[in-house]
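Below are some notes for a colleague who is opening this entry without prior knowledge of it. Please read them beside the model.

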Amino acid sequence: MSSILWLRRDLRRSDHPALQEAAAGGPVLPVFVIEPRLWEAAGPVRRGWLAATVLATRDAFDGRLLVRAGRPDTVLTALCGEHAVSAVHYTRETTPWAVRRDDRVAATLHERDIDMVATGTPYAVGPGLVTRDSGQSYKVFTPFSRAWRSHGWPAPAPDPQGLQLIDGADDTDALTTLKQAVQDCPVPLPDAGEDAARARWAEFLHDSIGLYDEDRDRPDLDGTSRLSPHLKVGAIHPRTLLHDLSRRRSRSADRFRTELAWREFYADVLWRAPESAWHDMTSGMSPLYDAPAHARRDADRDSDDNAEELVRAWQEGRTGYPLVDAGMRQLNATGWMHNRVRMVTASFFTKDLHRWWGEGARYFMEHLIDGDLASNNHGWQWVAGTGTDAAPFHRVFNPVRQGERFDPDGDYVRAWVPELRHLNGADVHAPWKHPEGHAHGYPAPVVDHDHERRDALGRYEHVRASK
Ligand code: FAD
């Protein structure tokens, strides 16, 4: 029996349980559908990366990955008719929007006697499967991570034997849309596709995993895997990574497993509580944040203008705090930012500028190649102190001390902030202490960190007292 493999966030050939399942039944037609609503919402950075990965995956399928544009229920129904297909195989999605879409598509296909068959998820352990003995979910990371490890995960799926691919008629407009999205991408894209992901993983295992535990917090070093964009689109599966690490017992290998567990934890939280994507999970926190400009009275217009200018300074990397500015400039120029700096810039946005985390999360989602609703929005809630598992609110990152500790020679800041290249070593982190610090146009701090920290903690006390 012929079937369709509907590819979405699983753009690869190997370790692919849904492909294996489809191939076991007969010839397979791999299809990618450009969904207009999702496509528009993704923005040019994520669109570019997705398009580049789809094109690379098409090459890996010897050109026999069919690309179509339109509503998936309409596109898939038509293709099932054209190719006498009786089943559509796919990897189960667990984000709120995708769950609703898949239910809708399944209902439409079901009416035509076509099965929708879900196999696997983008995670080593599918969201919803890690529970307490009582069946309850985990809200806090550390016990989740312990239970996730004891749950274990399956071995990578073997490549299907004698895979037969069906030839479909290309939609040249849809292919042009993909190529255009790559061209229009405002940041330079890394090499895309499964081979590139595996090559990056092999390089990381060879060069960097040994020191990962020490180096992972240092934005000035190339100490992390940079696999997040590939994991986002499924060019490599975490199961493959965990399998390759299975015989390594070092602290660094263990630390890497823990980082993958964060990705799985946030996906689990999102699956169980879809509202966590855009709502504070700790109630009553709104007094922590200034009302957005549109919600304030006319009399406050001056302060509105200033507040919006502060947000723009943060977005453009002009806050006068070098580590924050380096991070935002790295994000704007490359579509990626180091994890430590994501935490520092998010803390600055929420606790120095007192803005609601969702606004900052939206900006990140527009600019990150690896932008992922679960990891991004829950990462923001963690920093803001509003998530199911959050850093204590009184943990306010000091951008100067974070710079001195994690960019001790100042190389990261100098790489992204050319106006500070004349300062030596860690001096870059506090240019106002040097007579020549602002000689090349680097701005003075837009707010006083110590003052804003006290303000944030005062707001927190107020929230606590009123509970
Ligand atoms: P490595 O250190 O090599 O880690 C390996 C993998 O583990 C990563 O690729 C990622 O899949 C996972 N991982 C590591 N740290 C985390 C974490 N804290 N949370 C979830 N997964 C993690 N990650 C995204 O993939 N997409 C996002 O949109 C995203 N937004 C973030 C926003 C904020 C405010 C914060 C604090 C973190 C965010 N992260 C996000 C998590 C983390 O910053 C990135 O996964 C990491 O920087 C990617 O680099 P890497 O692949 O070199 O990581």
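1. A pair of strands is a convenient place to start. E4 and E5 are parallel partners, joined by 4 bridges; strands pair here if DSSP finds at least two bridges between them. Ala87 has Asp115 as its bridge partner in E5. Elements are DSSP runs numbered from the N terminus, with helices (H or I) of at least four residues and strands (E) of at least two.

2. This is a predicted model, in which local features need pLDDT of at least 70 and side-chain atom pairs count only at pLDDT 80 or more, while totals for chains, interfaces and linings use all residues. Residue numbers start from 1 along each chain as its sequence is written. The average pLDDT (the predictor's confidence in each residue, from 0 to 100) is 95 for the protein, and 97% of the residues score at least 70. The ipTM is 0.99 and the pTM is 0.97. Where pLDDT is low, the predicted coordinates should not be read in detail.

3. On its other side, E4 (residues 87-90) runs parallel to strand E1 (residues 3-7), and 3 bridges join the two. Ser3 is the residue opposite Ala87 of E4.

4. Strand E2 (residues 28-34) and E3 are also parallel, with 4 bridges between them. Phe32 is matched with Val67 in E3 as its bridge partner.

5. Which order do the strands of the open sheet follow? The order is E3-E2-E1-E4-E5, 5 strands with parallel pairing. Strand E3 (66-69) and strand E5 (115-118) are at the edges with a single partner strand each, so one side of each has no neighbour in the sheet. From one strand to the next the twist averages 30°.

6. Helix H6 (residues 172-184) lies across E2 and E3, at about 90° to E3. Angles run from 0 to 180 degrees between N-to-C directions of axes, which are lines fitted to C-alpha atoms, for helices over the stretch in contact; contact is a distance within 7 Å between C-beta atoms placed from the backbone.

7. What surrounds the ligand? There are 27 residues around it, of which Thr224, Ser225, Asn339, Asn376 and Gly379 come nearest; a residue counts as near if its C-beta atom, placed from the backbone, lies within 6 Å. Helix H9 (228-233), helix H11 (251-272), helix H14 (339-352) and helix H16 (373-384) each give two or more residues to this shell.

8. The ligand lies between domain 2 (123-156 + 196-272) and domain 3 (286-465), because both give residues to the shell around it. The domain bounds come from an automatic or database domain assignment.

How values were computed
Two residues are in contact if their C-beta atoms, placed from the backbone, lie within 7 Å.
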